[in-house]
Amino acid sequence: MTVTHEAHQSPGAAPKLTDLFQRGLDAPICLTWELTYACNLSCVHCLSSSGRRDPRELTTDECKAVIDTLQRMQVFYVNIGGGEPTVRPDFWELVDYATAHHVGVKFSTNGVKLDAAAAARLAASDYVDVQISLDGATREVNDAVRGPGAYDTAMRAMGHLRAAGFEGFKLSVVMTRHNIPQLDAFKEIADRFGAQLRITRLRPSGRGADTWDELHPLPSQQRELYDWLVAHGEDVLTGDSFFHLSPYGSALPGLNMCGAGRVVCLIDPVGDVYACPFAIHSEFLAGNVRDRGGFETVWRCSPLFASLREPDTGGACRSCGFYDSCRGGCMAAKFFTGLPLDGPDPECVQGHGSAALASVSGAVPKSSEDHSHRTSPRSSGPVPVTIGRRRPPVHDCDESPLAGFTA
Amino acid sequence: MAPEASAGEYEPEELTGDELLVEEVSIDGMCGVY
Amino acid sequence: MSTDFDLDRPWQVDPRVSMRPEPFGALLYHFGTRRLSFLKNQRVLAVVRSLGDCPTARAACEAAGVRPAELPAYARALSVLAESNMITERSGL
């Protein structure tokens, strides 16, 4: 629902929601939990640089202890992702444990293990939501980014969900230069499968940093995207990821603020707690759930989170008339393009970001974790996006998550 | 900006009827989750 | 937003709602609808908490110390919660 903002504050008036949330809450409202860095795909823009399992992954018991903590803190909801979370052998056990302990679950998947049986199981549960990832409305556009077979896998999974009667699952798309022209087609696909469309912003995070130059929307496309979102109102979810577009007109539905470390955070596969999934870097590392005091202590006592919860003065953006709605944009987008956090977003719609980028010299920060498959190594420059990328070979000694798995 | 009350409790003296006491947010409406 | 919330009926918090007090009020999350509501002061939280125990919503407001001049604002708040199924009418007493 749209958050309404008071035009002025009279003494004794109820406080603005965003001001309260910016100060941080005693527990997250929801959070992202990447269960594994293992993945059967190698999407060129993967925010978590996933591919190979990390041997230090939390054990099943450690995961259950995290869920116990989330229950105690009354975290309402976890968004489970990865990597591909369903490749963990204990995936269903953990989902069931979470829902049995009053923690709602939505999991994000490329669909590889979402067969008819899985779909039926999900349709029978009230407390588990599913999000299918797709980044092209056509095989050509999608597989150029997510690899050959990815489009078919997603379509197959959505077919199973529809057949099982699961209405309202999420079709989640990361918007790029190549798929913005397909917005209507994505809506059609979502409608066809009885799903709700969700579109989110590409950030230069993880492998996204390597492909940012070719994939990020052009300025004219940002306008197109904003107008399309306004036309579709609350039919289309955004994860509040487009508040940097607010200066184009009225604010989009959502809190229109960065929730990192304030109302949301990330727990990664090895238990590291980051401000958000787009900021996997030591700069935004708050602690680890294996530390004494566990997740609760990290959330409440981390100096990083305390500093994020200080009032935001706006820095270089303070003089801009649109700061109130755009809030200086995305922290992760600024960080990984080498911009200062107290200045404009690289995609600032007023153009202040482009100006700032011109002054950036030398190397920009890179994600702290890289679990990419070894046959598709990260390069320091842009990776050309081509159709028909070779899939990595599957061998036991490769630590492949799918060694022995037949699709 | 309204002042913080002590002991974490925030009580308006009197409401004129314009202020909203309840706001709704979509669970998908906060940035930083998948 | 509905303005015809019936204060003189018995109400209750939906059993699928999780209520989490906060320093400035409370968060309500509905596990069925996946919607989230934020109560912006302690008094409206007190009203909502006592709905199930009071014969009417009006009684719950009075028990929580809501002044007559403030009743319209609280009725409006309750109607928002009713519209999103956070609170529902109780059948019988």
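**Entry 1: A:H102 and the end of helix 3, chain A**

I looked first at A:H102, which comes just after helix 3 of chain A and takes a positive phi of about 60 degrees. The model is predicted, so I treat this angle as a computed value. A:H102 is not a glycine, yet its phi is positive. I placed A:H102 in the loop between helix 3 and strand 3 of chain A. Is A:H102 buried, exposed or partly exposed? I found 15 C-beta neighbours inside 10 Å, so A:H102 counts as partly exposed.

**Entry 2: A:Q74, another positive phi**

I then checked A:Q74. Its phi is near 60 degrees, again positive in a residue other than glycine. A:Q74 sits in the loop between helix 2 and strand 2 of chain A. I counted 18 C-beta neighbours inside 10 Å, so A:Q74 is partly exposed. Burial would need 20 or more.

**Entry 3: a cis peptide**

I went on to the peptide bond from A:G82 to A:G83. This bond is cis, with omega near 25 degrees. A:G83 belongs to the loop between strand 2 and helix 3 of chain A.

**Entry 4: the buried side of helix 3, chain A**

Which residues of helix 3 of chain A are buried? Within residues 91–100 I noted A:F91, A:L94, A:V95 and A:A98. Why do they share a side of the helix? They span an arc of only 100 degrees around the axis, which puts them on the same side of helix 3 of chain A. The general rule for an α-helix is 3.6 residues a turn, so residues three or four places apart point the same way.

I asked next what these buried residues pack against. In chain A, I found helix 2 (60–73), strand 2 (77–82), strand 3 (104–109) and strand 4 (128–133).

**Entry 5: the sheet of chain A**

I traced the sheet of chain A. Nine strands make an open sheet in the order 6-5-4-3-2-1-7-8-9, and the pairing is mixed. Strand 6 (196–201) and strand 9 (285–288) of chain A are at the edges. Each has a single partner strand, so one side of each lacks a neighbour in the sheet.

I checked one pair in detail. Strand 4 and strand 5 (residues 170–175) of chain A run parallel and are joined by three bridges. In this pair A:Q131 stands opposite A:K170 of strand 5 of chain A. Helix 3 of chain A packs on the sheet and touches strand 2, strand 3 and strand 4 of chain A. Its direction makes about 155 degrees with that of strand 3 of chain A.

**Entry 6: chain C as a whole**

I turned to chain C. I listed three helices and five strands. From the N terminus on, their order is β-β-β-β-α-α-α-β. How does the radius of gyration of chain C agree with that of a compact globule? Chain C has 12 Å, and a compact globule of 93 residues would have a radius near 12 Å, so the two agree. The C-alpha atoms fill a box of roughly 30 × 30 × 25 Å along the principal axes. Buried residues make up 41% of the 93 residues in chain C. Of the contacts in chain C with a separation of 6 or more, 54% are between residues 24 or more positions apart.

**Entry 7: a sheet across chains B and C**

I followed a sheet from chain B into chain C. Four strands form an open antiparallel sheet in the order 1(B)-4(C)-3(C)-2(C). Its edge strands are strand 1 (22–26) of chain B and strand 2 (17–22) of chain C, each paired on one side only. The twist averages 20 degrees from one strand to the next.

Strand 2 and strand 3 of chain C pair over six bridges, antiparallel. A hairpin of two residues joins them, and C:E22 stands opposite C:G25. Strand 3 (residues 25–30) and strand 4 (residues 35–39) of chain C are also antiparallel, over five bridges. There I noted C:R35 as the bridge partner of C:H30.

Helix 1 (residues 42–50) of chain C lies across strand 1 of chain B and strand 2, strand 3 and strand 4 of chain C. Helix 1 of chain C runs at about 45 degrees to strand 3 of chain C.

**Entry 8: where chain C touches chain A**

I closed with the contacts between chains C and A. Twelve residues of chain C contact 13 residues of chain A. Strand 2, strand 3 and strand 4 of chain C each give two or more residues to this side. Strand 2 of chain C supplies the largest share, three residues. By class, I counted six nonpolar, three polar and three charged residues on the side of chain C that touches chain A.

Methods. Residues are numbered from 1 along each chain as its sequence is written. Chains are lettered from A and ligands numbered from 1 in the order in which they are written. This is a predicted model: local features need pLDDT of at least 70, side-chain atom pairs count only at pLDDT 80 or more; totals for chains, interfaces and linings use all residues. A residue is buried if 20 or more other C-beta atoms lie within 10 Å of its own, exposed if 12 or fewer, and partly exposed in between; C-beta atoms are placed from the backbone. The arc is that of the directions from the helix axis to the C-beta atoms. Two residues are in contact if their C-beta atoms, placed from the backbone, lie within 7 Å. Two strands pair if DSSP finds at least two bridges between them. Axes are lines fitted to C-alpha atoms, for helices over the stretch in contact, and angles run from 0 to 180 degrees between N-to-C directions. The radius of gyration is taken over C-alpha atoms; the globule rule is 2.2 Å times the number of residues to the power 0.38. Ala, Val, Leu, Ile, Met, Phe, Trp, Tyr, Cys and Pro count as nonpolar, Asp, Glu, Lys and Arg as charged, and the others, Gly among them, as polar.
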